[in-house]
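Reader: I have a protein model open and do not know how to read it. Could you take me through some of its features?

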Amino acid sequence: MDANVHVSVMAKRGAEDAGRYFKYMADFVGLKDADVQAIRQSAPVIEKHLPEIVSKFYAHLLRYPPTRKFFLKKDGVVDQDYVELRMRHLTNFWIRTAQGVYDDDYARYVDYVGRAHTSHGADPHIYIAERYVIGQVGFVQHAIAAALTKELREGDAGLEHRAVDAWDKLLMVILEMLARAYGTEREAETFDALVSVDTSAVSALAQHAYEHEHAPAAPVATRQVLVARAPDIPDGDRTLIQIDGLSIGVFHHKGNWYAVRNWCLHRGGPVATGCLEGDTLTCPWHGFEYNLMSGQLLVDPSARLEQYPVMLRDGEVYIQVPVTTAPVQSKTDLPANEFLVSDIPPGKSKAVQVDGESVAVFNVEGTLFVTQDECTHAGGPLSEGDLVECTITCPLHGSQFDVGTGNVVRGPAKKPLTRYRVALDGERARVERL
């Protein structure tokens, strides 16, 4: 195997020898079967306290500038959606860990988590210095011990002592697994001043993340939405649609139909536009891989893409989606066809709504251009494509357009894009039909 390919696979799935290394270290620290049993017995206690643990964990990360920076938008505001996504991943990690199944799949998962914090991970732009990983494992270790003591000391002191001892050993192994990914990488400390954090807001996010990952889902109302005529999506092809601001990929695959949210669990990338080889769908941003049929993340089957039922009726394809309220507007409560100019820096794009249709706004060196968001070839979301000068590349099949004229630069698209105009009123901008 090519060395670069081997590194890429490890970044997405963990090292092949992770299971062997986990067992080796478990034996070294004395983690026995009796310890694993104590961890399983204490799982309800850990799960009960997870929202509090995760809340304090992320409040801590948000206080320190070297870790806070990874959770900020370009304007310096905390990206709450991304923080909650990471909370869900962390919640799932500890729920899975408390189940006490430490097989090769689990060990590779821990190895993958370790690599995700280093330059060897799927996203080389993210590097969390090893000292913070060590510190946060210690933070969790203390939090788990405190939870076990609080819940068990009065009722089952024997289990308390066994569980605290067992979790201490397990976290030694996990810490070594995480630290192993760093090698000789080092980053200098800057000792920046700490940042004030709204802990109540962080706590609410953590509770919501926990409920999303662990609590039974509450029944929700749904509705059926027409996607296309079945012959328009031949077997092996797909289309993307926008419903109430939600991007969904609909796949015709091996005679069956699948619909998944076009939002990667890693950093929200346009996963439904990625390469599909066999049953594996790969996000084009950082290479995270999913089983299309089940939606499962290959490195962690307990994490999966949001899926939607697909139905065929009278030769037409429908999907069933949740009934939602109107899309949430910005903090200034702008109409759906308006936005703040500062929301779209040069070289970036953004989707807005005009009369219920999605349009793409492009900032080319300070000049705003607007076209339909759907690629004229197969409906790919142009607002999620790569913008280079005046040329936008569709993330689905690579069609290119000049955003200033709407003309096709490169196929497979043949039809030009519909263009719109922008009316400026100071910092506010409004999209209108020509």
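Author: We can begin with a sheet. Six strands make up an open sheet, in the order β13-β22-β21-β16-β15-β14, with antiparallel pairing. Note also that this is a predicted model.

Reader: Which strands are the edge strands?

Author: Look for a strand that pairs on one side only; here β13 (338-340) and β14 (349-354) do so.

Reader: By how many degrees are neighbouring strands of this sheet turned against each other on average?

Author: The average is 35 degrees, with direction ignored.

Reader: How do I read the pairing of two strands in detail?

Author: Take the bridges and then a pair of partners. Strand β21 (residues 419-425) and strand β22 (residues 428-433) are antiparallel and share six bridges. One pair to find is Leu424 with its bridge partner Ala429 in β22. On to β16: two bridges join β16 to β21, again antiparallel, and Val370 has Tyr420 in β21 as its bridge partner.

Reader: What joins strand β15 to strand β16?

Author: Six bridges do, between residues 357-364 and residues 367-372, and the two strands run antiparallel. Phe362 has Phe369 in β16 as its bridge partner. The two strands form a hairpin with two residues between them, and Glu365 there has a positive phi near 50 degrees.

Reader: Where else can I practise on a hairpin?

Author: Go to β11 and β12, a hairpin that also has two residues between its strands; in its turn, Asp314 takes a positive phi of about 55 degrees. Strand β11 (residues 310-313) runs antiparallel to strand β12 (residues 316-322), and four bridges join them. Met311 finds its bridge partner in Tyr318 of β12.

Reader: Now helices. Why does the distance between the end C-alpha atoms of helix α7 agree with its 13 residues?

Author: Count 1.5 Å a residue: α7 (residues 104-116) should then span 18 Å, and its end C-alpha atoms are 18 Å apart, so the two agree. For helix α4 (residues 43-63), the 21 residues should span 30 Å, and the end C-alpha atoms are 29 Å apart, which agrees.

Reader: Where does α4 bend?

Author: The bend is at Leu50, by about 50 degrees, and a proline, Pro51, follows within four residues.

Reader: Is α4 mostly covered or mostly exposed?

Author: Count its buried residues, meaning those under 20% relative accessible area. In α4 that gives 15 of 21, so the helix is mostly covered by this cut-off. In α7 the buried residues include Tyr106, Tyr109, Val110 and Val113. As a general point, an α-helix has 3.6 residues a turn, so residues three or four places apart point the same way.

Reader: How many helices and strands does the protein have?

Author: There are 10 helices and 22 strands. Of the 434 residues, 47% are buried. Among contacts between residues at least 6 apart in sequence, 58% join residues at least 24 apart.

Reader: Which parts of the prediction have low confidence?

Author: Start from the average: the protein has a mean pLDDT of 85, and 90% of its residues score at least 70. Among its elements, helix α3 (residues 33-41) has the highest mean, 96, and helix α1 (residues 3-13) the lowest, 46. The pLDDT is below 50 over residues 1-11, a stretch with 10 contacts beyond near neighbours in sequence. Residues 325-332 also stay under 50, with five contacts beyond four places in sequence.

Conventions. Residues are numbered from 1 along each chain as its sequence is written. This is a predicted model: local features need pLDDT of at least 70, side-chain atom pairs count only at pLDDT 80 or more; totals for chains, interfaces and linings use all residues. Side-chain values use heavy atoms; hydrogens and water are left out. Two strands pair if DSSP finds at least two bridges between them. Axes are lines fitted to C-alpha atoms, for helices over the stretch in contact, and angles run from 0 to 180 degrees between N-to-C directions. pLDDT is the predictor's confidence in each residue, from 0 to 100. Contact means heavy atoms within 4.5 Å. The expected span of a helix is 1.5 Å times one less than its number of residues. The bend at a residue is the angle between axes fitted to the seven residues ending there and the seven starting there. Buried means under 20% relative accessible area, exposed over 50%, partly exposed in between (1.4 Å probe, protein chains only).
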